[in-house]
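Student: I'd like to go through this structure with you and ask how each label is earned. Could we take it one term at a time?

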Amino acid sequence: MSAPLAFAYWVPNVSGGLVTSTIEQRTDWGYDYNRELAVLAENNGFDYALSQVRYMAGYGAEYQHESTGFSLALLLATERLKVIAAVHPGLWHPGVLAKFGATADHLSKGRFAVNVVSGWFKAEFTALGEPWLEHDERYRRSEEFIRALRQLWTEDHTELAGDFYRLRDFTLRPKPLNAPGRPHPEIFQGGNSTAARAMAGRVSDWYFSNGKDFAGVTEQVDDVRKSAAQAGRSAPKFGLNGFLIARDTEAEARGTLREIVARANTEAVEGFGAAVRQAGRSTADGKGMWQDSSFEDLVQYNDGFRTGLIGTPEQVAERIVAYKRLGVDMLLLGFLHYHEEVEYFGRRVLPLVRELESRLPDGPAESAPVPT
């Protein structure tokens, strides 16, 4: 039997919640709320949490806690939860992050991970006096960053004379914890573009996709696996973003989605859409993230509605397992009211997912047909 699906949640360490809407969100960006949420999540079947990275206000996120420090605090408040800290190459040096990550890994007994974010928010870089690279150059820098990070975590006397980073006979001690199947903290990476998919196949442990339907996931899984095969390495695992609205009735779930969109902060959504489409248009082939996102999609800023995890617990569980059959290894989830809905997920949705998983035939996920 294949490994069970893993579940992660977006840490709300940024104000404004996970949807850009004036609808009530019983969610708080402060530490006390998030500490309680982390404990609740690990006791309701979540394996990972992903701390967001934002450095300045914009598009509804007026306040932001720094991701690496916040991640370490959550690690120290939990026992089993793995926490993924999002970081920007260009604002971090890989040697400095490697040092932080090794310390966090020891303090948490091997539960630290990192998500390398190539960046879309130009104003953050220019406000901090850093150059803004065009799209494919940002991914080239991220790939060099990941190669440096892995070398620092696994080798002594690191030497690197890259286009973006320099390392001269640098040895990191202590190294992060080394466990079977995990020689260093897991390295995640996002992005939907051709450059992102190719980079994931070459260097990453996990590939995060924005929200996608079945056909979109199939296309991305195939592309990433082809890139990995060309690089002569095993394909990274595949994580999919989704905003989950599970309610006792489908009508209630659909009504919640309609209300979220009807009460969208139009100015913030349109501003975000303009910024991210500019970032994506600079790709070599015009296939960047958010290029085909509608206004409704952008209300959940990582296209989470498109994954379609909206309905009764039974409907949501069936759709989750259908994604697994296509090659998805992890669902990265956002919620409207975190405490209540994480508990509801663990009590009502997850048992159904595990029951459906137990009925799946053994065999490669790529053999499964695209669901309708």
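Student: What makes you say that α12 bends at V349?

Tutor: This is a predicted model, and everything we say rests on its atoms. The bend at a residue is the angle between axes fitted to the seven residues ending there and the seven starting there. For α12 at V349 that angle is about 40°. A proline, P351, follows within four residues.

Student: How do you know how the reach of α12 compares with the expected value?

Tutor: The helix covers residues 338–358, which is 21 residues. From its first C-alpha to its last it reaches 28 Å, and the expectation at 1.5 Å a residue is 30 Å, so the two are close.

Student: Which residues of α12 are called buried, and what do they pack against?

Tutor: Buried means under 20% relative accessible area. In α12 the residues that meet this include Y338, H339, Y344, F345, V349 and L350. The buried residues of the helix pack against β1, α1, β10, α11 and β12.

Student: Let's move to β12, then. Why is strand β12 called mostly covered?

Tutor: Count its residues: in β12, which spans 330–334, 5 of 5 are buried. M330, L332 and G334 point one way, while L331 and L333 point the other way. That fits a general pattern: in a regular strand the side chains alternate between the two faces of the sheet.

Student: How do you know which strands pair with β12?

Tutor: Two strands pair if at least two bridges are found between them. Strand β1 (residues 6–11) is joined to β12 by 4 bridges, and strand β9 (residues 237–243) is joined to β12 by 5. Both counts reach the cut-off, so both are pairs. β1 and β12 run parallel, and β9 and β12 do too. You can find single partners as well: A8 is bridged to L332, and L240 stands opposite L331.

Student: What about β7 and β8: what makes them a pair?

Tutor: Strand β7 (residues 187–189) and strand β8 (residues 206–209) share 2 bridges in the parallel sense. At least two are needed, so they count as paired. In β8, Y207 is the bridge partner of Q189.

Student: Which strands make up the closed barrel?

Tutor: The barrel has 8 strands and runs β1-β2-β3-β4-β7-β8-β9-β12, with parallel pairing. From one strand to the next, the twist averages 25°.

Student: Why is A196 called buried?

Tutor: Its relative accessible area is 0%, and buried means under 20%, so the label follows. A196 sits in helix α6 (residues 194–203). Leaving out residues up to four places away in sequence, A196 touches Y139, Q189, G190, G191 and Y207.

Student: Why does A102 count as buried?

Tutor: The relative accessibility of A102 is 1%, and under 20% is buried, so A102 qualifies. This residue lies in helix α3 (residues 94–107). Beyond its neighbours within four places in sequence, A102 is in contact with W153, L172, P174, K175 and P176.

Student: P174 is on that list. What makes the peptide bond from R173 to P174 cis?

Tutor: Its omega is near 0°. P174 has its place in the loop between β6 and β7. As a general rule, most peptide bonds are trans.

Student: D169 and D303 each have a positive phi. Are they buried or partly exposed?

Tutor: Let's take them in turn. D169, in strand β6, has a phi of about 50°. Its relative accessible area is 48%, which lies between 20% and 50%, so D169 is partly exposed. D303, in the loop between α10 and β11, has a phi of about 60°. Its relative accessible area is 2%, under 20%, so D303 is buried. Neither label comes from phi, but these angles still catch the eye: most residues other than glycine have a negative phi.

Student: Last one: how do you know that the chain agrees with a compact globule?

Tutor: With 372 residues, such a globule would have a radius of gyration near 21 Å, and the chain has 20 Å, so the two agree. Of the residues in the chain, 56% count as buried. The chain holds 12 helices and 12 strands.

Definitions and conventions
Residues are numbered from 1 along each chain as its sequence is written. This is a predicted model: local features need pLDDT of at least 70, side-chain atom pairs count only at pLDDT 80 or more; totals for chains, interfaces and linings use all residues. Side-chain values use heavy atoms; hydrogens and water are left out. Buried means under 20% relative accessible area, exposed over 50%, partly exposed in between (1.4 Å probe, protein chains only). Axes are lines fitted to C-alpha atoms, for helices over the stretch in contact, and angles run from 0 to 180 degrees between N-to-C directions. Contact means heavy atoms within 4.5 Å. The radius of gyration is taken over C-alpha atoms; the globule rule is 2.2 Å times the number of residues to the power 0.38.
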